[in-house]
Amino acid sequence: ALWLMIEYFERVRWWRGALLGLGLVLMFYTSYTSVGAVLVLGLYSLIVYGRAVWRWWLPGGLFVLLVLPEILKLRLTAVTRVEATQMLTPGSLSEGLYNLFWNWAGALFWLWLGLFLAATILILYRMRAGQRLKLALLMWALAMPLLMYFLNPVLGFFSARYAWWIMPGLALWIGYGLAYLPGVGRLGAGTLLLVMLFTPLPMAEYSIWGDQISTLGDNFSWMRQHVRWGDVMLADAGNACGAPEEWDYYTRAYFPEGLRFIEQPEGHRRIWYVLQGGRQNAELEQAIRARHILQQQSGPARCIFALYEAPPDIEGIVFENGMRFHGADVLDVEGRTLNYPMVRHEGETLRVRLWWSLESALDEDYHIRLSVLNEAQNREVGIINVPPRVIYPVNAASEVSQWLPGIYHIEEHEMRLRASVRSGRYSLYLALFPALTEAFITVAGSDESGRLFLTDIHVKSY
């Protein structure tokens with residue numbers, strides 16, 4: 001933007017003015033703090049070019065036109081920010097300036113200060129030449145930090161992050177002054193500056209985590225892809241995911257509609273448990289695992305997002321053979337639980353997840369019967385008779401006689417609806433029977449034939 005401004009004011013062409021305006025717009029939408037850069041460029045042109053400052057009508061008008069809608073949207077935020085910044089206390093002027101410049105200069109602060117003083121002496125020594133340009137650079141490098149300090153209660157820009165646009169002014173001031181050195185001096189100064197490019201920065205001073213980088217943003221991004229309505233989050237006090245301001249930022253960024261945090265797992269089916277591996281609260285983890293199973297997890301050891309899920313019915317109902325049924329989930333094609341009225345079409349596949357546990361070990365094996373029934377016609381439009389298809393625990397046997405009591409067993413089945421099914425309301429039923437016979441095992445709530453109603457299914461035929 002600085003280069004475009006000089007080109008535009010030195011050789012006026014409308015397209016240069018348009019490019020300058022677009023450059024300022026891009027700066028603003030990259031960082032709102034660019035308003036400081038726009039201000040300093042305006043003052044620079046006023047000092048250097050005097051009455052020609054009227055040429056800002058084209059780039060300035062283009063800038064205002066394209067950023068005004070965003071400024072209007074931010075007006076309430078700006079008011080709130082001013083209320084907060086009025087409480088800021090940057091300390092004494094000398095302390096504030098030292099902290100500001102140190103953040104930019106780092107470990108070579110004193111060397112940069114020496115170069116700045118040397119450049120200032122050389123500029124003062126050659127005071128007669130280029131008065132306007134020197135005054136403009138002096139305003140940029142020295143007056144702007146002072147202005148930001150005294151306006152800090154209103155703008156809150158007196159920090160290395162928000163006043164970044166002052167750095168080019170400092171660099172130009174140093175470069176302009178060192179250019180007055182004789183040939184050998186310029187070569188030495190240039191060599192020194194090149195060497196300084198390769199000196200390490202004290203990154204621990206600039207990072208929230210020191211030599212580590214927080215993965216909280218990646219965790220929330222992954223969670224956003226797997227979260228379901230009604231999910232809650234439980235953060236273990238021992239987690240090391242990030243600073244409070246990171247939690248605040250990412251929660252708002254990925255869940256603008258809100259994310260509910262809880263302290264105890266009781267009464268919640270799907271819980272996102274946040275922990276640091278090996279340092280979690282043992283009692284809290286035990287309380288979660290008592291009635292929930294681990295479905296999936298993501299993140300490094302210091303910041304794990306683990307999804308724990310409980311069955312639809314914690315207590316469940318017991319069949320006469322001792323198998324306890326904890327409810328069913330109807331899934332979409334991607335395996336996500338549907339918690340709204342489900343509609344299927346003729347010939348489509350229905351995917352169902354069943355939750356079981358055992359009161360005690362069984363000696364006999366059992367099969368599952370799932371059927372979709374047209375109640376009015378007492379006609380089945382979809383049916384399967386299969387042994388259990390266990391997906392949890394991993395590698396568990398399908399034979400019920402090999403299941404372990406006291407733990408959940410989850411199975412999934414797919415059933416294709418007939419192509420000739422008509423539009424209407426249908427019912428999904430479950431039945432359980434021994435592998436060697438077809439006599440249904442009864443349970444509380446089953447009909448006269450031994451079938452247990454699970455849910456309604458709406459079919460739309462085209």
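Let's start with the four-stranded sheet, an open one with the strand order S1-S2-S4-S3 and mixed pairing; here strands (DSSP runs of E, at least two residues) and helices (runs of H or I, at least four residues) are numbered from the N terminus, and two strands pair if DSSP finds at least two bridges between them. Strand S1 (232–235) and strand S3 (293–298) sit at the edges with a single partner strand each, so one side of each has no neighbour in the sheet. From one strand to the next, the twist averages 25 degrees. All of this comes from a predicted model, in which local features need pLDDT of at least 70 and side-chain atom pairs count only at pLDDT 80 or more, while totals for chains, interfaces and linings use all residues. Residues are numbered from 1 along each chain as its sequence is written, and side-chain values use heavy atoms, with hydrogens and water left out.

Look at the S1 edge of that sheet. S1 runs parallel to strand S2 (residues 270–275), and four bridges join the two. If you want a pair to find on screen, Leu234 stands opposite Tyr273 in S2. Helix H12 packs on this sheet, touching S1, S2, S3 and strand S4 (304–309), where contact means heavy atoms within 4.5 Å. The direction of H12 makes about 25 degrees with that of S4; such angles run from 0 to 180 degrees between N-to-C directions, and axes are lines fitted to C-alpha atoms, for helices over the stretch in contact.

Which residues of H12 are buried? They are Leu216, Gly217, Asn219, Phe220, Trp222, Met223 and His226, with buried meaning under 20% relative accessible area, exposed over 50% and partly exposed in between (1.4 Å probe, protein chains only). These buried residues pack against S1, S2, S3 and S4, and also against helix H13. As background, an α-helix has 3.6 residues a turn, so residues three or four places apart point the same way.

Now for the helix pair itself. H12 (residues 216–226) and H13 (residues 244–254) pack at an angle of about 30 degrees, and their axes are 10 Å apart. That makes H12 roughly parallel to H13, on a scale where angles under 35 degrees count as roughly parallel, over 145 as roughly antiparallel, 65 to 115 as roughly perpendicular and the rest as oblique. The crossing of H12 past H13 is right-handed, meaning that the near helix is turned clockwise from the far one by less than a right angle, whereas anticlockwise would be left-handed. On the H12 side, the contact is made by Leu216, Gly217, Phe220, Ser221 and Arg224, and H13 brings Glu246, Trp247, Tyr250, Thr251 and Tyr254. Sorted by type, the residues of this contact are five nonpolar, three polar and two charged (nonpolar: Ala, Val, Leu, Ile, Met, Phe, Trp, Tyr, Cys and Pro; charged: Asp, Glu, Lys and Arg; polar: the others, Gly among them).

Next, the five-stranded sheet. It is open too, in the order S7-S14-S13-S9-S10, and its pairing is mixed. Strand S7 (343–345) and strand S10 (379–386) are the edge strands, each pairing on one side only. The twist here averages 30 degrees from one strand to the next. Strand S13 (residues 424–434) and strand S14 (residues 452–460) pair in the antiparallel sense over seven bridges; Ser427 has Asp456 of S14 as its bridge partner, and Leu428 has Thr455 of S14. S7 pairs with S14 in the parallel sense, over three bridges, and the partner of Arg344 in S14 is Val459.

The loop between strand S11 (390–392) and strand S12 (409–416) is worth a stop, as it holds Pro393. The peptide bond from Tyr392 to Pro393 is cis, with omega near -5 degrees. Asn395 lies in that loop as well, and its phi is near 70 degrees, a positive value in a residue other than glycine. At 78% relative accessibility, Asn395 counts as exposed.

Finally, back towards the N terminus. Trp165 is in the loop between helix H9 (152–155) and helix H10 (167–178), and at 1% relative accessibility it counts as buried. Leaving aside residues up to four places away in sequence, Trp165 touches Thr33, Gly36, Ala37, Val40, Trp140, Met144 and Met148. In helix H1 (residues 2–10), the buried residues are Leu4, Met5, Glu7, Tyr8 and Phe9, and their cover includes helix H2 (14–30), helix H3 (34–49) and helix H4 (57–73).
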